[in-house]
Every structure is written in C-alpha cells, then in structure tokens.
Amino acid sequence: MTRKDHIILGVHITDRIKHVTEIQRLFTEYGCNIKTRLGLHEASDTVCSPNGLVLLEMIGDNHTCFELMYKLNQVEGVECQKMVFDHD
C-alpha cells in the first residue's frame, strides 16, 4: 500500500464510559494522524447508549495507521476494523 491509500478506521466501543480513558489516550497519542473523527451513538431525550462507533479518517504512513488499529484492538470492549481505498 502506498501513501495514496485512503484509510478509514471503524472503532466499535462497548461500554464507552468505562473505556473512554484508554481510548481517548490513544486518540490523543495518534492525533496528528487523525484527519477526521466522527462519533456515532444512539441518543435521545430519554436514553444515551453505552455503545458507540467512531470513524477515523487517517493520514500519514500506513504503518502508523495500522499501529493505532492494533493498539485499539488491545483495549477491552473495543473492536477496530479498517477500510482501505486505493486511489491509483
């Protein structure tokens, strides 16, 4: 893969309140490689879901992007998957 790849990480978080400290620490550590961050969770006037999904648009070298994915997958209650779009 080359730097022309467009990498999106999908981060599914269960019990997001419990795991927020470690996840936010990693987002901060790799903050210079996160171009866009979009958080999604079920919310209304009466409910706020403990689960969530964060989409990360990554920049920088592929190794660093996949290193973040690996570290996120080491956090209990987190599943991180990648989407890679090749722009030849």
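**Figure 1. Glu42 in the loop between strand 2 and strand 3.** In this predicted model, Glu42 has a relative accessible area of 56%, and because a residue counts as exposed over 50%, Glu42 is exposed. The place of Glu42 is in the loop that lies between strand 2 and strand 3. When residues up to four places away in sequence are not counted, Glu42 touches Val47, Cys48 and Ser49. Gly52 is ten residues from Glu42 along the chain, and the C-alpha atoms of these two residues are separated by 7.5 Å.

**Figure 2. The open sheet of four strands.** The four strands of the sheet are arranged in the order 2-3-1-4, and their pairing is antiparallel. Strand 2 (34–40) and strand 4 (78–85) stand at the edges with a single partner strand each, so one side of each of them is left without a neighbour in the sheet. From one strand to the next, the twist averages 15°. As a general point to keep in mind when looking at such a view, the side chains of a regular strand alternate between the two faces of the sheet.

**Figure 3. Strand 3 and its two pairings, with strand 2 and with strand 1.** Which residues stand opposite one another here? On one side, strand 2 and strand 3 run antiparallel and are joined by six bridges, and Leu38 stands opposite Leu55 in strand 3. On the other side, strand 1 and strand 3 also run antiparallel, joined by seven bridges, and the bridge partner of His12 in strand 3 is Leu53. Five of the seven residues of strand 3 are buried, so this strand is largely enclosed by the rest of the structure.

**Figure 4. Strand 1 beside strand 4.** Strand 1, which consists of residues 6–13, pairs with strand 4 in the antiparallel sense, and eight bridges connect them. Within this pairing, Leu9 stands opposite Lys82, a residue of strand 4. Helix 2 packs on the sheet, where it touches strand 1, strand 2, strand 3 (52–58) and strand 4, and the direction of helix 2 makes about 155° with that of strand 4.

**Figure 5. His63 in helix 2.** Helix 2 comprises residues 62–73, and His63 is found in this helix. Is the residue buried or exposed? His63 counts as exposed, because its relative accessibility is 58%. Phe27 lies 36 residues from His63 along the chain, and the C-alpha atoms of the two residues are separated by 16 Å.

**Figure 6. The whole protein, as a setting for the close-up views.** The secondary structure comes to two helices and four strands, and from the N terminus on these elements run β-α-β-β-α-β. Along its principal axes, the C-alpha trace spans about 45 × 25 × 20 Å. The protein has 88 residues, of which 34% are buried. Among the contacts with a separation of 6 or more, 72% are accounted for by residues 24 or more positions apart. The accessible surface of the protein comes to about 5,700 Å², and 55% of this surface belongs to carbon and sulfur atoms. There are 9 positive and 13 negative side chains, and the centres of these two sets lie 4 Å apart.

Key: Residues numbered from 1 in each chain as written. Predicted model: local features only at pLDDT ≥ 70, side-chain atom pairs only at ≥ 80, totals over all residues. Heavy atoms only, no water. Buried < 20%, exposed > 50% of the residue type's maximum accessible area, 1.4 Å probe, protein only. Pairing = 2+ DSSP bridges. Axes fitted to C-alpha atoms, helices over the stretch in contact; angles between N-to-C directions. Contact = heavy atoms within 4.5 Å. Areas by Shrake-Rupley, 256 points an atom, 1.4 Å probe, with all protein chains shown as cover. Lys, Arg positive; Asp, Glu negative; His and termini not counted. Charge placed at Lys NZ, Arg CZ, Asp CG, Glu CD.
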